[in-house]
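Work through the following exercises with the sequence and the model at hand. Each task is followed by a solution in steps.

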Amino acid sequence: MPDRDPVITLDAVTVRYGAQAALQDVSASFAAGAVGLLGPNGAGKSTMLKALLGFIVPTSGKMRVLGLDVAAAPLEIRSRVGYMPESDAHIPGMNAVSFVAYCGQLAGLPPADAMQRAHEVLFYVGLGEARYRNVETYSTGMKQRIKLAQALVHDPDLLFLDEPTNGMDPKGRDEMLELVRDLALNKGINLIVSSHLLPDVEFTCEQVIVMDRGRVVASGPIAGMKQPRGRVYELRVKLPDGPETLDRFVGSLHREGLECHMTDEDVMRVFVPGDGGARALFALAASSAVQVRHLRPSVPTLEDVFAKAVGSE
Amino acid sequence: MSPIHDQGYRRYGGQRARHGRAWAVIASAGVRTLFKKRAFLGLMFLAWGPFFVRAVQLYAAANLPQAAFLAPTPQLFRDFLAQQDAFVFFVTVYAGAGLIANDRRANALQIYLSKPLSRLEYVIGKLAILVGLLLLVTWVPGILLLIVQILFAGNFTFFLDNLYLFPAITLFSLVRVLTAASIMLALSSLSKSSRYVGVIYAGLIFFTQALSGVLRAVTSSSSMAWVSVESNLNQIGDVIFRLSPRADLPWIVSLLIVAGLMALSAFVLERRVRGVEVVA
């Protein structure tokens with residue numbers, strides 16, 4: 001089992017691309033185990049991973065990975081870290097087993113060990129039968145798997161997975177998430193899963209760090225963050241006086257300190273702090289001339305935590 | 001019941017090499033990949049053609065009295081290396097154009113640099129591929145020719161009379177090869193298309209050579225030969241082989257230009273070889 005000390009700490013880290021700040025004074029601590037790095041596109045998740053790998057030098061701040069200073073010992077860190085990049089990436093002109101073995105050798109494994117590990121890891125990620133095919137002929141899902149294989153071949157203590165299910169079909173996605181979960185729970189590898197997909201993070205991770213616009217906006221154990229400090233209601237409304245009444249209703253909810261956001265299914269999720277009940281919601285709807293057609297108490301989800309943290313409606 | 005062989009993930013408890021050796025992994029993999037290509041093998045075979053012709057010349061000079069006019073001189077070795085320039089060009093384009101460009105196309109840089117190797121190691125590994133191959137068509141046949149001369153002559157007279165030839169062949173081959181390799185590697189880092197890189201390199205060599213020729217015709221002097229990469233290398237080569245420089249140009253100028261080109265290449269590589277491309 002991994003130890004419980006933080007595997008990564010960031011202390012007031014700022015990263016700038018010209019005038020644009022990709023990370024702004026970020027201080028965070030990643031516990032051992034599987035930690036989700038959650039946020040919308042452009043939140044700074046990938047930038048954080050690249051800074052931790054030493055690809056990007058921060059403008060200010062300090063970072064430690066596995067107890068080592070990123071600025072002082074980048075090679076020692078990279079020998080203990082595996083990185084699965086977000087975009088397609090491979091060494092051109094190689095078949096899968098040569099590619100993964102080559103990555104093992106680059107990480108310091110002797111050639112024979114690297115080749116043996118390459119075969120094992122390719123079977124583990126489900127590419128055993130396709131391991132002699134040129135990587136350039138792989139489908140998107142297979143390319144995701146080979147990126148995981150090259151990140152695992154040198155047996156890292158810590159894995160950075162940047163959008164690991166990008167472009168995968170539902171079956172492939174489920175298999176990838178099972179692999180990630182297995183690595184964290186059964187193989188003793190610490191994981192950082194960067195994703196904008198809440199279900200992926202919720203399935204694979206115990207902890208989450210939520211980022212938005214280059215800042216950490218929430219962090220902690222997922223179970224703890226989902227603990228209700230109030231009640232959540234699912235709400236569907238009818239707007240007899242036109243769509244502008246919805247804005248009035250949402251405005252009145254906010255004035256009363258009630259968080260609300262729309263889901264994909266055109267259902268509002270309203271967070272009522274404390275012991276507040278549905279009565280207050282009915283009263284506000286009536287005062288805004290909005291008809292409540294459906295109201296159901298719900299369980300807080302990671303999506304609620306995320307929406308609350310990034311302040312979306 | 002446990003499986004006979006578990007194909008699941010296992011932790012690794014074996015040895016790991018110390019940092020600083022990944023460049024050799026890159027270099028050996030690159031060379032192996034090239035030697036698997038028939039076209040490249042054919043090119044290398046052709047590149048050794050002049051060596052065999054010169055070897056026959058040395059044999060005839062040593063063994064046939066009527067071929068005494070073919071007796072070796074230091075100029076022979078300088079001319080041999082000049083002949084190899086064409087093969088240096090073709091090998092540089094064939095083997096060098098895709099060295100970084102292909103990695104950039106496949107986003108391989110972030111794979112490389114997420115492993116325990118520095119950017120410098122990556123560049124040294126790539127440079128070693130090209131330098132190694134180019135030395136195979138310059139320094140190796142040059143030195144072998146010297147050995148062949150000794151073997152055919154059956155004495156060390158020519159070698160001892162021209163002791164500077166061994167360091168001259170070595171030094172000029174290194175200058176020639178390092179210049180071509182560093183320029184090509186820098187160009188390769190600027191694009192994702194190896195074809196485009198090859199065309200740019202060829203353009204750089206031929207355009208500067210043509211420009212030098214035009215300036216020579218216009219000014220009736222070879223003092224402007226410094227605009228050509230090849231002319232500068234020829235100038236340095238003549239000085240190293242203790243021959244009269246062919247252009248009316250101080251050799252130190254040529255040396256400074258070649259050093260400047262290498263410095264510029266190093267600068268470009270420092271800017272371009274990164275794990276992440278930042279477009280600010």
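**Exercise 1.** Give the strand order of the open four-stranded sheet in chain A, and find its edges.

Solution. The model is predicted. Step one: the open sheet has four strands in the order S2-S1-S4-S5 of chain A, with antiparallel pairing. Step two: S2 (20-30) and S5 (68-69) of chain A each have a single partner strand, so they stand at the edges and one side of each lacks a neighbour in the sheet.

**Exercise 2.** Describe the pairing of S1(A) with S2(A), and place helix H1 of chain A against the sheet strands.

Solution. Step one: S1(A), residues 8-17, runs antiparallel to S2(A), and seven bridges join the two. Within this pair, Leu23(A) of S2(A) is the residue opposite Val15(A). Step two: H1(A), residues 45-52, lies across S1, S2 and S4 (60-65) of chain A. The helix runs at about 110° to S1(A).

**Exercise 3.** Tyr233(A) has a bridge partner in S13(A) and another in S14(A). Identify both, and describe the strand pairings.

Solution. Step one: S11(A), residues 230-238, is joined to S13(A), residues 268-273, by six bridges in an antiparallel arrangement. In S13(A), Tyr233(A) is partnered by Val270(A). Step two: S11(A) also pairs with S14(A), residues 291-298, in the antiparallel sense, here over seven bridges. In S14(A), the partner of Tyr233(A) is Pro297(A). As background, strands of a sheet pair through backbone hydrogen bonds, parallel or antiparallel.

**Exercise 4.** Characterise the interface of chain A and chain B: its extent, its polar links and the elements of chain A that supply it.

Solution. Step one, extent: 46 residues of chain A are in contact with 34 residues of chain B. The buried area between the chains is about 3,600 Å², with 58% given by carbon and sulfur atoms.

Step two, polar links: the rule finds four salt bridges across the interface of chain A and chain B. One of them joins the side chains of Glu136(A) and Arg105(B), at 4.0 Å from N to O. Residue pairs in polar contact across this interface number 22, counting those with both residues at pLDDT 80 or more.

Step three, elements: H2 (74-79), S6 (81-84), H3 (96-106), H4 (111-124) and H5 (140-152) of chain A each supply at least two residues of the side that touches chain B. H4(A) gives the most, with seven residues.

Step four, composition: the residues of chain A on this side divide into 25 nonpolar, ten polar and eleven charged.

Note on methods
Residues numbered from 1 in each chain as written. Chains lettered and ligands numbered in written order. Predicted model: local features only at pLDDT ≥ 70, side-chain atom pairs only at ≥ 80, totals over all residues. Heavy atoms only, no water. Pairing = 2+ DSSP bridges. Contact = heavy atoms within 4.5 Å. Axes fitted to C-alpha atoms, helices over the stretch in contact; angles between N-to-C directions. Buried area = accessible area lost by both parts, 1.4 Å probe. Polar contact = N/O pair within 3.5 Å; in protein donor to acceptor, adjacent residues only side chain to side chain. Nonpolar A, V, L, I, M, F, W, Y, C, P; charged D, E, K, R; others polar.
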